[in-house]
Structures are given as structure tokens and as C-alpha cells.
Amino acid sequence: MQRSHLIFAGIISFSVSTFAQQRDTPDIPQIFNNTDKEIQHVHITKIQKPVEYKPDRTIINLSGQPHLSSGSTLEGIKQLPGILVSDMAGIIYQGKQLSIYMDGQPLNISRNELISFLEGMPANSIDKIEVITQPGAEFPATAGQAILNIITHHSAKNYLTATYSTNYRFSNYDKFRNTLNNNIALSSRNKWMGWQLTAGHSYRESFRISQADDILNSFYDRYLRGYFTKLYLRFNIGKDLLLLNYNFNPSHDKNDIQASGIQIVNKVADIFQDTGNSKNLSYRHEGVVNYQKKFNNPDQKLDVTFSYTNYRNQFRQSSYFTSPNHSTFVYPENKVYQNIYNFKVDYTQPIPILDGGKINLGGTYEKLDYKTLKASLKNLDYHRQSTSMYSEVISKYKNFDFTAGIRAESYDIYGTTVLKKEGTSEKLPALKKSKLFPNARIQYNFTQAIKLNLNYSKKISLPDISFLNPNNINYQGSNVDFIGNPFLSPTLYDNIEAKMSVFDYAFISYNLGRIKNQAVEYVKREGDKILYTNTNIDRLKQHNLNIGVPLSLMLFTHSLHEIMKLNFNPDKVNFIYIYGGYQFQKIQNITPSDGLWNFNVTGHFILPKNIRLIASYSYITKGNYYYFKPIFPINNNLNFTLSKKLNRDKLTIALFVNDIFNRNRMSFRTTNETPGVILHDKYDTRNFGLSINYKVPTKNKLAKEEDYLPHTETKNNNIRLKY
């Protein structure tokens, strides 16, 4: 009983500090006792919370958190409590598969390219990350169970500003490997327009050790080069706004490969040795045009957006066999071409309902053209068109918040593929149908700080593009093959969730998902050959329980009465945040079926000289995940970051070490067959580095900061782009 009281007091001590920071207003000097004095200017500083919990989302502010922003965007995402990232599972948050967005727009790239894309983007070019666990009707139903929205920096002043960031890290396993990220952000504005230009590059050396049963061992020496350019323009047209956005992301990845194993030639098993290489080139262009119509009523809004995305990819592999015979084999070049067109309209109108509310209306048209080539043979020609309309009503009544919406989507999917074995062309199963996707949310506010949230939603997820690609974009050899499955069906979700939160930071939630046709990776062994492909799970029931508890260490140095005075900054407090998540999947014919626990403990400590220490430990137990079961605990790593702000907070320097005990590895046994294929993967996860972020100073003290680039805002539980 005494321990439970201590934990509760720790939660209260941390939470009320945050509550105080939100409520307290700056003290303004009393300099106007006489009427002949006037205020020249007043600086009001808003302190941004590291993590914010909303009814439908969690917002993680990377700015000011060096342990999240000191590496690549992917490495920052991996350190978030409740996140699981793997080649097999993709990106999972609290048991939910994530669709990845950037600045409110879906990235629309395959899982394989997504990992490389996030590896090549420095985390210090990101402002915040939103994990939307309860997407409303305004989001496409095809977003699936949850959305991860990456929001880039988007502030401008009425003079030229510049911020430079760099990051260097190294690892030392079999040899010394380096990683270097650089990026610069420039911005300015005047009364007619505003602009921001962000550009940077990433160079990374790494390795991967992979083993598949006893028939294939491979070592990849990886060299990844990525570049990005982002240009935002804003034009004032009377009260209205016109916004233009262009993104360009080229990347060049190279792998030097050493592979050995058993191959079957003329029904005779033999040992082979392969020293080859592979190259992966990709180019992504995206353009967005957004027009915002302003009305006299600020709650009445109209947004019209058009976007176009072009993506190209080339994969090449050469093998140089030294055993059993010396030979060279150059595999046919595999290519991907993708074009996406998107047009959407969103309208918000206040309505007199209950204690006040609003209605959101809108529609979207999207077209995707996707084709793959093996050498000069077009072996997949895939087309998808979708049209949707939605309506969502948001209102309040006393202590209740209500949201009810419905989205109607119509799909037209068709295409052709070339069967690998037969070499003949065959039409893909056509999908031409319309469906309704309802969602509802009710929240009861016991107090301003204690809330109970109930949510229901029905969603759909179309197969990942990489799942459809019949070509290999990984290592291919005589005893292993990676092929997609162009005949996959869409996945349907029914989600029910309940969540209780206390002061936003402490929470407990339960989610039940009933899933039909879940698309998953499928690995099987046929003699001495292993096949990686994809399939649908007919029926799946998934349970998720998540708990987050913050504990302030002030409890051991101050009385609860002093803590309740609400006079300190939570960013200056020592605290520990504990997260635990449990997931259980019930899949027919998979026995035994064990759940898995996901633990994360993050400590924030203020050292002398105002140096901040962030320590983070993650651990995932063994348990079933679709057709895989870990042999060893996964995501097992301990990270440390030391950071210090200098030069009036314009310069931030951070030293860090990741996976200090070198325990992070991926080892699975497949459960779709007996005895199952054993898969091992190890990366150079233990690394050391330095991160520097510098805001170039200015002498213009009267500059006015204005947000002018898109970011998402939650107001009365309504989610929209704000400029």
C-alpha cells in the first residue's frame, strides 16, 4: 500500500509541474504607473512540452531533445516508447501498424524504401512527430490503424534566419565505420510572402550479418548516401493564403556482399562462396499546392490541396562466385516507376449543437500508377483509383466531448502481372467496390486533468506496394529468393479502444482489433531453398494493453506541499518515465500463441552546469508476432545522451552512445510451418557520436515569429492543417 501511494505521489508531482507550466503566465513588469510611459515591446516565451498527449494522438517534440534528434529520423523513431521497427514488421506503435505521413501528406513509398528514406533524413531537420492512434473521418480509411506524421521545421521571421546542424557517429566492430549528417535551414518573410529552404545530406557506413537456417550466411558492408531538399513558399492573397511545397529526395545505396551456403545443382548439394555487390538508386519528387480561403469567422475554413509524387527506383546485383567454380553472374536490373496524383477539399463550419460544435466536410480523389520491370520486361502494371467523401461532427456537452463521423470510399483497382514460372501474362483480381467507414469517439472529462476516452473506428489498408512487387530488391542467389505477391487482398480493421489519462502523461489504454486479410511477410523452406514472400491471414484478433507512468524524483527532495505550489519548470526536473505494452495475437492454427511485452524506461536528469543526461532502456520479450516468434528478446538496448546548451541557447552540443552493451539483435523462428525457419539479423547498433545544432544569431530583436508552413493542430478534437 505504501509503494502504491509513493507511485501515485510521483505521478502527481511530475504532472502538476507540467500543468503549472501551462497555466502560469509570464510576469510583466509594472512600468506603466505613470501615463507618460509606454511599453516598447514584451517577449513572451512559450515552453514546449517534450511529449503531449491528445485524445487521438501523441505529439513528440524533437526540438530540444538531443537523444531523439542526434541521429537519423529512423533512429529517433526507434527510441520512442511503444515503437517497434524491423524489416519484417515495418513500423509498429503500441501494436498498431503505422502509415507514414510527412507534413500531413502520405509518403506513399514501400516498406523497403521507407526504411532507407528515414535512415537518410537527419532527425535534427524534424520539428515534431505525431502518432495519430485514432484517425478520424478526415483521414483516408486506407491509412489503416494509425498514422505517424513527421512535421518538419516551419517557422519564419521577418528577416533572414539560418540554422545549421551536424551529426557524426562511429562504430568499431570488424573495422571503423563512420556516419555523417549535415543540414541547413534558411527562412524569411515579409508582408507579401514567406519562404523556407532546407537542404542536407547523409552518409552512413554500416553492416548487417544475416543467417537463414543452416543454408545461407551473408555479410553486407553497407554504404548509404542520401540527399534532401525542401522548399516552402507562402503568398498572401488578401486574407487568403497560397502555399507551395516541393521535396526532392535522391539516394544511392551500395552493399558489398559476402555470402556462403548450400546450393543444389543437378540434384547434388554443394557449397558456394559469393563475393558480390548490389546498388540501389532512388529518386523521389513531390509537389504540393494548397489554397486556404479565410472567412470572417475564424472557425470557418476551406482548404483545397493538390499534390503530385513521382518515385523511381533501380536495383542491380552482381555475384562473383569463388566456389565451387569461379564464375560471374549479373542479375537483370529491376526497376520501379510510380506516379501518384491527389486532390482533396476540406471545409469546416461551426454549428449550434449542444454546447457548441462544428462540422467537417470534404472529399478526396487519388490515382496511383505503379509498374515494375525486370530488364526490359514489364512484369507488373498496377493501377488504383479511389474517390472518397466524409462528414464529421464534433461537439461538447457539459463534461462530455463527442465526435462522430463517416467516410465513404470507392475503389477501382486493376492491372496485369507476368507469372514467374509460367512466363505468361495474367490479369490481377479486379476490385471495384464502395464501402462505408464509421468512426465515433466520446470523452468524459472528470476534471481538466483526468479524462476517459472511448473510441471505435472501421478502417482498411491496401497492400503495401513492396508486397506487390514481383521482383527482388534484396540479395538473391541460388538458394534464396525474395518475391512479392501481386494477388494480395485489402486488410479490414475493426478497432475498439478505451483510454484513461491523468495529467496527460500517465495513461492506461486497451485496444481490441478484429482484422480480416492481414497482409504479412511469409517465409518458407522448400528443400534447400528459402522463399521470402507475402500472404494474407484470413482472420486475426489482436489485444493491446498499454501503460505509461511518469515518476518525478522531486518526491525524494521536496514535500508534496512544496510540489503543489506549481512554481517550477518540468524541463528542469529529474524524472523517470516508464512504459509497458502487452500484445496478444490470436491466429488460427498457430499454437502455442504467446503474448509479448514491450518495455521502455527513460530517465531525464539535470547534472551540474545544467548538463542534461537522458538514459533510455528498451526490451521486448519473446512472443508471437504474426508468423514469427523471437528466439531471444528483441530491441534490447541501453542508450545515453549528454547535452548542453551554450551561447544563450543558440548552440546545443550532445554526446551520445547507443546500445552500449551491444545486445540489440533480431532472431526469429517462423511459426507457419514445422520445424520453422530460423532467421538471425545483427546490425552495428552500438555506436558513439557527437551532435551540434547552431542557430545563427541576429541583431534584430524586434523580429516577429510567425508560423507559416503546415502543421497539424487539435482544437475541440478537430484535426486540420494550420498555416
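This report walks through the confidence, cores, strands, rings and backbone of a predicted model.

**Confidence**

Let us start with how far the prediction can be trusted. The protein has a mean pLDDT of 81, with 84% of its residues at 70 or more. Strand β18 has the highest mean pLDDT among the elements, 93, while strand β40 (residues 718-722) has the lowest, 36. Two stretches deserve a cautious eye. Over residues 16-45 the pLDDT stays under 50, and the model gives this stretch 26 contacts beyond four places in sequence. Residues 702-723 also have a pLDDT below 50, and here the model shows 92 contacts beyond near neighbours in sequence.

**Nonpolar cores**

Next, the interior. The largest nonpolar core holds 44 residues, and Ile83, Ile91, Leu98, Leu148 and Tyr382 are those with the most contacts inside it. Helix α4 (residues 111-119) is the element that gives the most to this core, with four residues. Isoleucine 91 offers a good place to look around: leaving aside neighbours within four places in sequence, its contacts include Ile83, Leu98, Leu114 and Leu118, along with Lys96 and Gln97. Another core, of 34 residues, lies apart from the largest one, and Ile215, Tyr220, Ala259 and Tyr493 are among its members.

**Strands β33, β34 and β37**

Now for a set of paired strands. β34 pairs with β33 in the antiparallel sense over seven bridges, and it is joined to strand β37 (residues 687-695), again antiparallel, by eight bridges. To find these pairings in the structure, look for threonine 641, whose bridge partner in β34 is phenylalanine 656, and for leucine 651, whose bridge partner in β37 is tyrosine 694. Six of the eight residues of β34 are buried, so the strand is largely enclosed by the rest of the structure. The hairpin of β33 and β34 has four residues between the strands, and asparagine 647 in this hairpin takes a positive phi near 55°.

Asparagine 635 belongs to strand β33 (residues 634-646). Is this residue buried or exposed? Its relative accessibility is 10%, so asparagine 635 counts as buried. Beyond four places in sequence, asparagine 635 touches Ile83, Ser618, Tyr619, Ile620, Asn664 and Arg665. Of these partners, Ile83 has already appeared among the residues with the most contacts inside the largest core.

Serine 501, in strand β26 (residues 491-502), is likewise a buried residue, with a relative accessible area of 10%. Its contacts, not counting residues up to four places away in sequence, are Ala449, Ile450, Lys451, Ala506 and Phe507.

**Aromatic rings and charges**

The rings come next. The model contains 19 aromatic pairs. One of them is formed by phenylalanine 295 and tyrosine 347, which meet edge-to-face at 6.5 Å centre to centre with 80° between the planes. This pair links distant parts of the chain, 52 residues apart: phenylalanine 295 is in the loop between β15 (268-294) and β16 (301-323), and tyrosine 347 is in strand β18 (residues 334-351). Both rings belong to partly exposed residues, with relative accessibility of 27% for phenylalanine 295 and 23% for tyrosine 347.

Elsewhere, Tyr168, Phe170, Phe176 and Phe688 make up one aromatic cluster. Charged ends also sit over rings: that of lysine 371 is over tyrosine 337, 5.5 Å from the ring centre, and that of arginine 686 is over tyrosine 173, 5.9 Å from the ring centre.

**Backbone details**

Some backbone angles reward a closer look, and the table gathers them.

| Residue | Backbone feature |
|---|---|
| Asparagine 610 | positive phi, about 60° |
| Asparagine 647 | positive phi, near 55° |
| Aspartate 659 | positive phi, near 50° |
| Threonine 674 and proline 675 | cis peptide bond, omega about 5° |

Where do the residues outside the hairpin sit? Asparagine 610 is in the loop between β30 (596-607) and β31 (611-620), and aspartate 659 is in the loop between β34 (651-658) and β35. Their surroundings can be told apart by accessibility: asparagine 610 is partly exposed, with a relative accessible area of 41%, whereas aspartate 659 is buried, at 2%. As for the cis peptide bond, proline 675 is found in the loop between β35 (666-670) and β36 (678-683).

Terms used: Residues are numbered from 1 along each chain as its sequence is written. This is a predicted model: local features need pLDDT of at least 70, side-chain atom pairs count only at pLDDT 80 or more; totals for chains, interfaces and linings use all residues. Side-chain values use heavy atoms; hydrogens and water are left out. Rings of Phe, Tyr and Trp (its six-membered ring) pair if their centres lie within 6.5 Å; planes under 30 degrees apart count as stacked, over 60 as edge-to-face and the rest as tilted. Helices (H or I, at least four residues) and strands (E, at least two) are DSSP runs, numbered from the N terminus. Buried means under 20% relative accessible area, exposed over 50%, partly exposed in between (1.4 Å probe, protein chains only). A charge sits over a ring if NZ of Lys or CZ of Arg is within 6 Å of the ring centre and within 35 degrees of the ring normal. Contact means heavy atoms within 4.5 Å. A nonpolar core is a set of buried Ala, Val, Leu, Ile, Met, Phe, Trp, Tyr and Cys residues joined through side-chain atoms within 4.5 Å. pLDDT is the predictor's confidence in each residue, from 0 to 100. Two strands pair if DSSP finds at least two bridges between them.
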